[in-house]
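Got the viewer open? Here is a short tour, with something to select at each stop.

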Amino acid sequence: MYDAIIVGARCAGSPTALLLTRKGYKVLLLDRGTFPSDMPFSNHYVHQTGSARLKRWGLLDPLAATGCPPITTNHWNYGAFTLTGSPPPADGGVTEAYAPRRKALDPVLVNAAVAAGAELREGFSAQEVLWENDRVVGIRGRQKSGNIVSEKARITIGADGMFSLVARAVKAPEYNNKPPLEGSWYSYWSGVRMKGWHLWLRPQRVIFAYNTNDNLALIGVAFAAKDLPEVRTDVERHHQQTIREIAPDLAEQMQSGRHEGKFVGGAIPGYVRKPYGPGWALVGDAGYQKDPCTASGITDAFGSAEWLAEAIDAGFSGRQPLEAALADYERKRNESELPYYEMTSQLATLQPPPPEIQQLLAALVDNPEERSRFFGVVAHTVPVPEFFAPENVQRIISRQKGAGAV
Ligand SMILES: Cc1cc2nc3c(=O)[nH]c(=O)nc-3n(C[C@H](O)[C@H](O)[C@H](O)COP(=O)(O)OP(=O)(O)OC[C@H]3O[C@@H](n4cnc5c(N)ncnc54)[C@H](O)[C@@H]3O)c2cc1C
């Protein structure tokens, strides 16, 4: 009998296992995949807030040791102007974002959980959850050897991503659903070096580029939802054509570099799920997924792992009834993430920003302090409601008008 069984051992599952194990709990961590391995769709950006969480867990140095270069500046090109700068540091003064290949990041997380004492079973496919008196008590699944086994725990945690078996089995209620709003595809280039996190933002299209492990640059294009049927007929052609039209300098660098690997990507829906019930909890994408345009799923998976581990400890140690502690987990997650979720969904339409936001962006060109705070909104170091409060937006715009009038 385990204290916790965690299905899924990547960005959400391994940190949850690590934190629970460090608190003294007996944890079984399982994944149908094996490590190291890449994820087929995910881009790699981890915001400063995600790096700060890794630092708190003692994992930032091991991540840097994979050879992943730090990223400290944003270069966001809006056509008429480019906003360049850095977000305010995250907790602990962390100024670096990273964009590790998942085959580099995920083993750092899994190995730390195992080193802390979690039992890892790779190649284990969970097939159903076990119930006793309307309460989840464990899982049944197929081991790597082919054997079917049952395992029991006080809590069964779905860290099993967007198609979560656990979420489906418990019929976790969903809210704030969004359809896929854009689709993005990326690939790697050697011989191309980026200066930071580069975006070229245009109506219906966004190009994104940054350095990752193995001296490679990841270069991708996001396309508006209405164009996806056409884009899917030839992703490579649309990718290249968009970059030639919008970012010819980048296209030139790519010509002199070398394309490594294939194009991967796609389009995903957004949802928020109730993340707990009798004997079960959800963490990471299993509990909450948003469009990838703000590149925040990994950072948020780390955050929800911390909040869930705290809640389970509060419940299991008797500091709080478990149900109340898990309700706090949902509340904390939603207070922190729902404004970001709505902002992300808005950006993912790839529509031109409303006139007031266009004025705001133009006003940031000559205002380095507020420009940094704007980048901080996306990096989670400045709260969305604070920066986009109407009076704050007006203050920034009128300051520019005032400066222009002098
Ligand atoms: C196109 C695209 C681009 C993205 N770009 C970024 C980005 O730049 N930055 C960012 O932060 N996020 C990005 N994301 C989101 C990010 O990939 C996810 O938020 C993140 O991977 C969530 O981690 P997770 O651990 O919750 O789930 P996952 O990483 O999906 O891991 C789930 C694990 O569960 C395992 N599993 C599933 N079912 C079972 C089962 N039945 N039995 C056993 N194991 C099981 C799987 O094998 C997998 O290893 C992107 C996503 C997409 C689709």
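**First stop: the end of a helix**

Select His 380, which comes after H12 and has a positive phi, near 70°. Helices here are DSSP runs of H or I with at least four residues, numbered from the N terminus. Before moving on: this is a predicted model, with local features needing pLDDT of at least 70, side-chain atom pairs counting only at pLDDT 80 or more, and totals for chains, interfaces and linings using all residues. Residues are numbered from 1 along each chain as its sequence is written, and side-chain values use heavy atoms, leaving out hydrogens and water.

Now step back to H12 itself, residues 368-378: eight of its 11 residues are buried (under 20% relative accessible area, 1.4 Å probe, protein chains only). Among them are Phe 374, Phe 375, Val 377 and Val 378, along with Glu 370 and Arg 371.

**Next: the cavities**

How many cavities of 30 Å³ or more does the structure hold? Two. A cavity is a set of points on a 1 Å grid over the protein atoms alone where a 1.4 Å probe fits but cannot get out, and lining residues have an atom within 4 Å of a point.

For the largest, about 50 Å³, select Gly 284, Asp 285, Tyr 288, Lys 290, Gly 297, Asp 300, Ala 301, Ser 304 and Arg 333. Helix H9 (residues 297-316) supplies the largest share of this lining, four residues.

The second largest, about 40 Å³, has Lys 290 in its lining too. Other residues to pick there include Pro 179, Leu 181, Ile 268, Tyr 341 and Ser 345.

Terms used. On a 1 Å grid over the protein atoms alone, a cavity is a set of points where a 1.4 Å probe fits but cannot get out, and a pocket is an open set with protein on both sides within 12 Å along at least five of seven lines; lining residues have an atom within 4 Å of a point. Grid points are joined across faces, edges and corners, and a volume is the space filled by probe spheres set on the points. Helices (H or I, at least four residues) and strands (E, at least two) are DSSP runs, numbered from the N terminus. Buried means under 20% relative accessible area, exposed over 50%, partly exposed in between (1.4 Å probe, protein chains only).
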